[in-house]
Structures are given as structure tokens and as C-alpha cells.
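Please look through the sequence and the model shown below before reading on. The report that follows takes up a helix and then several strands.

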Amino acid sequence: MPNGKTDINNNGGFSTDMIGMNWEYPEADYNTRTKIWKEHEDYTKGFFYFIGNDTRIPGNIRDEMKQWGYPKDEYTDNGNWTPQLYIREARRMIGELVMTQHHCQGKEQVEDGVGMAAYGMDSHNCERLVVNGVVKNEGDVQVHGFAPYAVSYRAIVPKQKEAANLFVPVCLSASHIAYGSIRMEPVFMVLGQSSAVAACQAIDKKIAIQQVNVKEVQSLLRTDPLADGSMPEVLVDNEDSHITGNWKTEKSGGYGPTYLTDNSKAETAKSVRFIPEKLKKGAYHVYTYFPKVMNPAAKTYITIYDGEKATEKIINQSDLQVEGQTSGEWLPLGLYNFSEENKVYVEISNKNADGVIVADAVLFVPVR
């Protein structure tokens, strides 16, 4: 991770998870929850100390652990330790529709989607058992590799007979497995915005939130995503691009459902042209998304046409510095003044390629 830090997370059979000791939390009173918080803090701190100091741990591991410490620039008023226990999942609403694994994997699709989720189905172990004299952990799920999917409006509102004025964008109606995918913070923010738009509709029309016209909400989110009438960012994905030549479609690891690669090393000319729709005249910062791939080309040639002239930009593979838990990074292509929306484009080609060329997505960010 950046700034000399690392992300210590659950990994392996015995790790930072205090398996099975959280079951009381959802129904517990405040005093019991405080006790559970303290138990988890003691366990985690004790685990770190154990790894770095107990003689039953091999010396090389102890020495490695002692090189790390609590982040000196975080939670300075609490001994550099977070004051809050991470609660991924507790009680959840049961709405008119329950999001399930079938929705995550695209086997079922909803028509009233008001936000997209994209993370894999991810659950840590739930309990530790002894089976025939052998200790086993149960409940770990790590299923990835599926496309983004829509989260239903009916999953963020309760049944009307229970409440007609309540939105639940976080503890929403989802199974344990589906929630392990949906529970990412960006998804909660999107569903929160969608809830606010729908709430305004219900207030203005004096109707129950279950009676809101979801198609109107979807239209508002699409046409005025910043909710202030200003020009939003415009994203063009490879699935909406104009392709010349035979490119290979990759289904995981990029931005959106797919991305394109070419490993022909420029034997024949190939290109992918990204043409934005509804782009108003004006100045824009332009970016392209580069996923990490094996054997990438040292240079990628990109042409930006502003409606009057073409500018060639060369992206060096060394410019791609991917940090954190992500598949790639947005790289800037520069600031451009676009004149006519129907002629503007960004084109990625395999010109002079000595390795894999990637074409994934292009983002136009208006200067405000």
C-alpha cells in the first residue's frame, strides 16, 4: 500500500479473524456490544504481539513482524488504533426482493436497478468446528470473475405494509452471499444517492416510496447524475467503441465487464476508437484506464481528435504505477478543448507494439 503501509487482512486458517466470536453482536445491547468490541481489539493486538514475540513462532517471522507497527499518522488520539470495530454484516432488511447469488452472477437480472455492484462474492469464515478430531473452519467464500450487475430498487425499500417512508441503502435486502459482494462503500454511496432522488419523488408527489416511478428515478440518475444540472463526466467503455481488426476480449481484471487486448505486435494495423456521446463543447481532462497485463507493450500510441486536429500521445508502460487493491489505473492523456461532439474521439492503436496492447475505457472530465 502507499506511504510505507500494508493491508493486514484475514488469510489462512489462523489469522486476524476472531472466528465465531461475533454471533451475539446483531441482537446484543450496547453493553454487550462494547464487550465484543474489546474482545476483538484484544484478540487482534494480542495476535500481532504473539507473531512478533512468542518463541514458538520461527525467528524469521518474528523479525519480519517487528519491522511493522501501528500507523503513526492515523488515530493519533487513540494510540494509533482505530476506535471502531468493522461491522461488515449484521441485521438486514427483508424487502419485496432479496438480492441473491443469481443476481451477482447474472443468472437473474432486475429491471428496476438503481445502482451497480461489481465486487466478488466474499465471505470470511463464520465458525470453527472439530470434525472427526480435526479442526476445520467453515464459511469462507471467494467467488470472483463476473460482470457488474444492477441492485434492485425493491431491495432498498421495505414492504409497504411495514414502512412507507424508509430507505435502507446499506443494510439492504440481500442474502449473506450476495451481501458479500454488494457491501462495498462505493455501492452504498450510489444507493444512497438513488434513495435521495427517489425520496424527493415520493415527497413531491405525496406517495409511498414503494409507489415511486422507478423509470423516472433511473432517468434522473442518467441525465443529471450530479443532481445540479451540470455536465457530468462522460465514460466510453470498450463495449461501446468502434473496433478495427481482431482484438481479444478479456472478461476480468479491467474496468467494467470486459477489456480488449492485442498481442500481434503490429503485424496488421488494429485500433479501438472511443467516441463520446452528448459531449458539450468545452475543455476536458481526458484519461484512459490501463489494467495490469502480462507482457505489456513498452509504449502505447493514442490519438486524441478534438474535432479540428489530432494529437498523438505516447503512454509508456513505466507510467503505470498500480497501488492498492485494484486491477489497473487511470492515466491522464491531457487537457483538450473539444469543438464538435459528433467528431471527437480517442483512438488506441497497436502501432509499433512490442507486446500486449490494452484498450479498456476512456473518461472525459469537464473543466468546471
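Which residue follows helix H5, and what is the sign of its phi? In this predicted model, H5 is followed by lysine 206, and the phi of lysine 206 is positive, near 55 degrees.

## Helix H5

Helix H5 covers residues 185-205, which makes 21 residues, and it reaches 30 Å from its first C-alpha to its last, close to the 30 Å expected at 1.5 Å a residue.

Several residues of H5 are buried, among them Val187, Phe188, Leu191, Val197 and Ala198, and the list also includes Ser194, Ser195 and Gln201. The buried residues of this helix pack against two strands, E1 (113-117) and E6 (149-152), and against two helices, H4 (176-182) and H6 (214-223).

## A sheet of four strands

Four strands form an open sheet, and following their order gives E7-E18-E12-E15, with antiparallel pairing. Strand E7 (234-237) and strand E15 (328-338) are the edge strands, each of which pairs on one side only. From one strand to the next, the twist averages 20 degrees.

Within this sheet, strand E12 (residues 282-291) pairs with strand E18 (residues 361-366) in the antiparallel sense, over six bridges. To find one place where the two strands meet, look for tyrosine 284, which stands opposite proline 366 in E18.

## Strand E10 and its partners

Strand E10 (residues 259-262) pairs with strand E17 (residues 357-359) over three bridges in the antiparallel sense, and strand E9 (residues 248-250) is likewise joined to E10 by three bridges, again running antiparallel. On the E9 side, lysine 248 stands opposite threonine 261 in E10, while on the E17 side alanine 359 is the bridge partner of leucine 260.

In a regular strand, the side chains alternate between the two faces of the sheet. In E10, Tyr259 and Thr261 point one way, whereas Leu260 and Asp262 point the other way, and all of them are buried.

## Threonine 300

Is threonine 300, a residue of strand E13 (residues 299-305), buried or exposed? Threonine 300 has a relative accessible area of 3%, and because the cut-off for buried is under 20%, threonine 300 counts as buried.

Leaving aside residues up to four places away in sequence, threonine 300 touches Phe290, Lys313, Ile314, Ile315, Ile348 and Ile357.

Note on methods
Residues numbered from 1 in each chain as written. Predicted model: local features only at pLDDT ≥ 70, side-chain atom pairs only at ≥ 80, totals over all residues. Heavy atoms only, no water. Pairing = 2+ DSSP bridges. Axes fitted to C-alpha atoms, helices over the stretch in contact; angles between N-to-C directions. Buried < 20%, exposed > 50% of the residue type's maximum accessible area, 1.4 Å probe, protein only. Contact = heavy atoms within 4.5 Å. Expected span 1.5 Å × (residues − 1).
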